[in-house]
Amino acid sequence: MAKDAVYQRALEKIRQAKQISATELNLDGMKLTELPPEIAQLTNLQNLVLRSNQLTALPEVITQLSNLRTLALSGNQLTELPPEIVQLTNLQRLDLSRNQLTTLPEVITQLSNLQILAFIGNQLTTLPEVIAQLSNLRTLALSGNQLTTLPEGITQLSNLQALYLSFNQLTTLPEVITQLSNLQTLVLRGNQLTALPEAITQLTNLQRLDLSRNQLTALPEVITQLSSLQTLVLSRNQLTALPEAITQLTNLQRLDLSRNQLTTLPEVIASLKQLRRLVLQDNRLPIPEEIIYKGWGKSKLSDGNPRAIIDYYLDYLTQGRQPLNEVKMILVGQGTVGKTSLVKRLCKEEFDPSETKTDGIVIRDIKLNLSPQSHHNHIVQLNIWDFGGQEIMHATHQFFLTNRSVYLLLINNRNSEEENRLEYWLNTIESFASNSPVIIVGNKSDEHPLDLNEKDLKQKYPNIKAFISISCKENTCIEELLQKICHEIKALPHVGDFLPKHWFDVKERLENLNKNYIPYEEYADICSENSITEDDKQKSLVSLLHDLGIVLNFHDDPNVNDTHVINPEWLTAGIYRIINYSDLTTKFKGILSFDLLAKILPNNDYPAHKHKFIIAMMKKFELCLDLNGDDLLIPNLLPKSAPESLDETQWQDSLRFEYHYLILSQSIISRFIVKMHDYIANKIWWRTGVVLSDGKNQALVKADLYDKKIFIAINGTAHTRRDFLAAIRSCFNSINKTFSEKSQPEEKIPLPNNPKIAVSYQHLLTLECKGFEDFIPEGAEDPVSVFELLSSIKPIPSDQENFDRIRGDMHFHGETIVNMSDIQQSGNFGIGHMSDGTLKDNAKAVGQYNEASSQNLAQAAQDIKALIDQLEGDYASTPMGNMQMGTEIVTRIDQNQTIKGRVVNALKEAGVETFKQAISHPVAAIVIAGVEGFLEAD
């Protein structure tokens with residue numbers, strides 16, 4: 001976009017702000033090299049955001065904005081500030097991060113009301129003594145500079161509560177910091193600290209201390225005297241042990257010790273009763289990773305169940321232990337490639353040329369000696385899981401494919417890569433077990449050699465460890481394959497894991513029951529008989545056994561948690577019987593009635609009282625959906641062709657969207673039909689498509705499995721169909737995210753006047769980011785408007801994530817270096833996000849929003865209220881406490897892309913005032929100010 005156009009766009013926003021006497025203005029990311037002088041007319045302006053422009057000097061005209069409280073100038077090219085800035089006597093928050101400032105301009109120190117100063121990612125080597133004049137400063141952010149020490153004058157900042165010094169060059173902690181008696185947050189990540197001074201104990205109000213990415217070899221015991229500490233981050237140091245004195249941190253709630261060299265934990269860690277998050281990943285502890293992962297929630301920034309780790313570890317120390325010495329090996333591949341014949345050969349059995357296909361899963365076990373050349377045999381049990389090749393059952397794989405496994409991908413040497421669906425299977429393994437070794441086995445070497453581009457495949461899929469060509473029929477190279485399997489098992493990091501003796505006894509008892517399933521209560525009784533009486537320990541054990549593939553139990557799902565499946569073959573065989581019942585396809589057209597189950601499932605194995613459990617598991621696997629109280633729909637068994645009555649011409653002038661896949665599984669469209677079943681219109685469905693309705697629009701959604709594309713067409717008014725498309729895209733994205741990154745489709749927008757030409761949605765976002773107004777798509781003759789194409793698509797959370805990635809928002813070594821909540825206590829910056837410069841967007845600023853937006857607003861407000869409920873007890877009910885809690889809430893929103901996208905969209909649609917009312921809490925203004933920092937040009 002030309003410079004004059006950028007300037008005019010900024011000028012138009014200023015004029016609009018003047019018309020409504022705006023107190024906020026956002027000119028973020030416009031690539032401005034100068035500001036229109038008309039900005040001086042905004043006499044009511046309190047908050048001004050000029051981030052990510054190209055300003056080399058601060059225009060003096062800004063100094064006329066006497067009511068300004070927040071000035072955000074990060075991401076420009078400033079080398080100095082004008083002396084006139086001292087006229088901004090009301091300024092409270094100033095962000096100068098990511099400029100080219102080599103010193104802190106002393107003129108800043110005359111801004112006596114300044115409360116928050118961000119100076120991150122500049123080239124600062126020293127801090128001037130006059131910093132002491134900022135007596136009201138409460139937050140000082142100096143991360144990403146080149147500081148080696150701090151001046152004595154910093155001790156005069158008696159109101160300072162948060163100090164950020166990440167990624168500087170500190171080798172010792174300056175003792176002047178220890179005199180900041182009101183300090184509550186101290187972040188020293190990414191320095192070169194090897195110790196801490198004794199005087200740090202003077203920081204009696206310190207609640208959060210981050211010492212990650214330093215060079216600590218032992219936890220300084222002085223830390224244990226910081227009795228107010230709630231969060232302690234020590235990841236990526238060189239710690240080998242924890243002192244028992246850590247128990248003095250009685251208020252500690254979050255402890256991150258990941259990526260150290262810990263081999264033991266002190267038993268007294270159990271006395272940290274307030275602990276809600278314990279991150280121990282990537283140490284050398286004798287704790288299975290499945291237990292380690294329970295220390296946090298969905299991310300390492302959310303709370304988990306540290307008690308599960310501590311209970312396991314204490315049992316491990318006190319009960320005695322026994323090695324697990326079990327490994328799961330999973331065979332996958334297309335039907336009829338010879339998986340069952342290979343299992344027989346591995347079990348030293350004869351080849352059967354008339355072998356029947358596998359229904360569900362067949363599990364066999366063999367004993368292997370991993371050290372045949374040694375005097376000390378290392379015997380492990382290899383549990384071989386043979387998956388049937390029927391595609392409809394592939395949706396169940398996510399519940400069985402785990403990291404603690406070796407994978408054999410069996411292909412037929414006579415078939416092409418496409419016929420073997422080689423990349424489909426490699427992507428499936430990568431989606432659910434990305435760290436597991438894969439051996440590609442080519443069968444029928446007696447008929448054809450294995451012919452693959454092995455080098456390219458290994459580059460694309462690094463977990464491929466070997467290619468071996470065998471013949472099940474002739475029994476050739478089976479021993480070579482077994483040797484390779486042993487080699488990969490020995491390389492698995494947890495093959496020698498020990499279990500506490502009582503845990504191991506429960507495992508063996510379950511394996512020897514010779515039952516397909518038991519009630520959960522019977523499992524609990526077995527645990528109690530083996531001295532595992534606490535409910536939490538019983539749940540931890542069943543969760544571990546589930547992860548190991550020994551049992552199936554979904555204790556977090558109330559629909560199925562009452563049954564403890566000991567034999568996974570029982571479950572999958574039952575589902576296979578239902579799926580393969582021929583009348584379901586030919587006679588009943590994919591509709592299953594409960595009454596029919598008694599005919600399909602043999603009563604001796606599947607009594608009537610377990611039918612609901614089988615169906616509940618099919619729903620969990622997204623294989624079926626409820627039609628009414630007695631009938632179910634199985635999308636994969638629907639007729640292949642669309643109904644004759646379907647008239648696709650009604651979608652000729654529709655809003656269109658497409659997904660182009662490299663690998664398109666049938667399960668994607670069938671899972672979509674299951675997930676969107678509440679919207680199905682008039683039972684218009686078939687195996688690869690469906691018609692949906694939201695009451696205002698109708699959507700035609702269909703998959704072309706041959707061309708690997710999914711097509712979406714929506715009729716209705718422009719505004720309401722955008723909302724419906726957003727809901728459909730969100731559903732597809734939730735399905736797509738369960739697959740590997742290589743499997744992600746390309747999103748396309750067909751041209752309205754020529755739907756055969758589809759433009760990459762990602763490319764359009766890039767063009768918008770770079771400032772292009774129009775372009776000529778490949779295959780078209782005339783330019784098209786970037787804005788018009790994008791305006792037809794309502795953003796969803798993943799769009800915001802993509803836009804942030806394209807725009808290159810500043811991050812520092814993996815962490816966001818400025819949250820807008822650090823520099824804004826209140827205010828809305830909505831004026832800067834008017835995409836077309838019309839006054840209709842001003843309506844949003846005063847809270848006018850359409851009915852379709854209200855659901856998004858309600859959910860976003862609920863998300864924020866949940867965070868408030870979670871954190872409210874951690875902060876004082878004071879303005880500063882609210883500001884700190886708001887800062888933490890914005891940080892958590894920023895780390896959760898789903899919530900972040902929902903909140904951003906709700907703010908765009910509803911406006912600031914309406915959003916504040918929906919949250920109805922003193923932190924609302926602070927949170928909204930932070931969320932405004934996420935917003936980009938619409």
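1. In this predicted model, strand 29 and strand 30, the latter spanning residues 709–715, run alongside each other in the antiparallel sense and are joined over seven bridges. Within this pairing, Ala703 has Ile710 of strand 30 as its bridge partner. The two strands make a hairpin that leaves four residues between them, and in the turn Lys708 has a positive phi of about 60 degrees.

2. Strand 29 also has a partner in strand 28: residues 689–693 form strand 28, residues 698–704 form strand 29, and the two pair in the antiparallel sense over five bridges. Here Val690 stands opposite Val701, which belongs to strand 29. This pair is likewise a hairpin, with four residues between strand 28 and strand 29, and Gly695 in its turn has a positive phi of about 95 degrees. When you look at these strands in the structure, it may help to remember that in a regular strand the side chains alternate between the two faces of the sheet.

3. Turning to the helices, a packed pair is described by the angle between the two axes together with the distance between those axes. For helix 9 (residues 501–511) and helix 11 (residues 535–547), the axes come within 11 Å and cross at roughly 60 degrees. An angle under 35 degrees would count as roughly parallel and one from 65 to 115 as roughly perpendicular, and helix 9 and helix 11 are therefore oblique to each other. The crossing of helix 9 with helix 11 is right-handed.

4. On the side of helix 9, the contact with helix 11 is made by Trp503, Val506, Lys507 and Leu510, while helix 11 contributes Lys537, Ser540, Leu541, Leu544 and Leu545. Sorted by character, the residues of this contact comprise six nonpolar, one polar and two charged.

5. Helix 9 packs against helix 10 (residues 520–529) as well, at an angle of about 135 degrees and with the axes 9 Å apart. Helix 9 and helix 10 are therefore oblique to each other, and helix 9 passes helix 10 in a right-handed crossing. In this contact, Val506, Arg509 and Leu510 of helix 9 meet Tyr523, Ile526, Cys527 and Glu529 of helix 10; these residues divide into five nonpolar, no polar and two charged.

6. Finally, a word on confidence: the average pLDDT of the protein is 85, and 89% of the residues score at least 70. Over residues 806–852, however, pLDDT stays under 50, and for this stretch the model has 136 contacts beyond four places in sequence.

Definitions and conventions:
Residues numbered from 1 in each chain as written. Predicted model: local features only at pLDDT ≥ 70, side-chain atom pairs only at ≥ 80, totals over all residues. Heavy atoms only, no water. pLDDT = per-residue confidence, 0-100. Contact = heavy atoms within 4.5 Å. Pairing = 2+ DSSP bridges. Axes fitted to C-alpha atoms, helices over the stretch in contact; angles between N-to-C directions. Parallel < 35°, antiparallel > 145°, perpendicular 65-115°, else oblique. Left-handed = near helix turned anticlockwise from the far one by under 90°. Nonpolar A, V, L, I, M, F, W, Y, C, P; charged D, E, K, R; others polar.
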